[in-house]
Amino acid sequence: LKIVDATGHSFGKGALHLKLRNSNKQKQLVVVLRWGTIFEHTDWVHRQNLMVISDVTIELWPSEEREFRIDAHCMNLSCSCSSGQSMRLTDFYFAKLDVVAHQSKVWDYFEAKFRDCRKALK
């Protein structure tokens, strides 16, 4: 599977735009993009990273290339929302389903972590 393109578009329904290609010329590909999967911007543009809200099953025929709109939450309230900037898949995964379930809980969770870090640095 090749990620041909990934861009962020605000948050919520269809916020993560992915163009994917099955590089295998003979076999169908079925993968699951897991909830909690994190995408980041390719450059520092002071925009929020995106986290996939729920599992998405992706099926591609041999050599097929297709676009997907994935529901995703923004991760940090202190940055602006994405507005078409390039993104990339990270190695990070957020495993707290009770937090991922609601955008406000995601912001609250990470803002609390940032607050704790600022306190620790004083």
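Here are four short exercises with worked solutions on the predicted model shown above.

Before you start, note that numbering runs from 1 along each chain as its sequence is written, and that side-chain values use heavy atoms, with hydrogens and water left out. Because the model is predicted, local features need pLDDT of at least 70 and side-chain atom pairs count only at pLDDT 80 or more, while totals for chains, interfaces and linings use all residues.

**Exercise 1. Describe the overall build of the protein chain: which elements does it have, and in what pattern?**

Step 1. Start with the DSSP runs, numbered from the N terminus: helices are H or I runs of at least four residues, and strands are E runs of at least two. The protein chain has two helices and eight strands.

Step 2. Put them in sequence order, and the pattern reads β-β-β-β-β-β-β-β-α-α.

Step 3. Add the dimensions: the C-alpha trace spans about 60 × 30 × 25 Å along its principal axes.

Step 4. Check the contacts, meaning heavy atoms within 4.5 Å. Of those between residues at least 6 apart in sequence, 70% join residues at least 24 apart.

Step 5. Finish with burial, where buried means under 20% relative accessible area, exposed over 50% and partly exposed in between (1.4 Å probe, protein chains only). Of the 122 residues in the protein chain, 37% are buried.

**Exercise 2. Find the partners that serine 78 touches, leaving out residues up to four places away in sequence.**

Step 1. Locate the residue: serine 78 sits in the loop between strand 7 (65-74) and strand 8 (83-93).

Step 2. Look at its accessibility, which at 49% makes serine 78 partly exposed.

Step 3. List the partners, which are His46 and Glu111.

Step 4. Take a closer look at histidine 46, placed in the loop between strand 4 (37-41) and strand 5 (50-52). The C-alpha atoms of histidine 46 and serine 78 are separated by 8.8 Å, with their positions 32 residues apart along the chain.

Step 5. Note the backbone too: histidine 46 is not a glycine, yet its phi is positive, near 55°.

**Exercise 3. Work out which parts of the chain are linked by the salt bridge of glutamate 65 and arginine 21.**

Step 1. Apply the criterion: a side-chain nitrogen of Lys or Arg lies within 4 Å of a carboxyl oxygen of Asp or Glu. The structure holds five such salt bridges.

Step 2. Test the pair: the closest N and O atoms of glutamate 65 and arginine 21 are 2.8 Å apart.

Step 3. Place the two ends: glutamate 65 belongs to strand 7 and arginine 21 to strand 2, so the pair links distant parts of the chain, 44 residues apart.

Step 4. Compare with another bridge, aspartate 55 to arginine 34, at 3.2 Å from N to O. Here aspartate 55 is in the loop between strand 5 and strand 6 (56-60), while arginine 34 is in the loop between strand 3 (29-33) and strand 4.

**Exercise 4. Name the residues that form a positive surface patch.**

Step 1. Recall the recipe: patch residues have over 30% relative accessible area and no salt bridge, and like charges are joined within 9 Å. Lys and Arg count as positive.

Step 2. Read off the members: Arg115, Arg118, Lys119 and Lys122.

Step 3. Zoom in on arginine 118, found in helix 2 (residues 103-121). Its relative accessible area is 47%, so arginine 118 is partly exposed.

Definitions and conventions. Patch = residues over 30% accessible without salt bridge, like charges linked within 9 Å, V, L, I, M, F, W, Y side chains within 5 Å. Areas by Shrake-Rupley, 256 points an atom, 1.4 Å probe, with all protein chains shown as cover. Charge placed at Lys NZ, Arg CZ, Asp CG, Glu CD.
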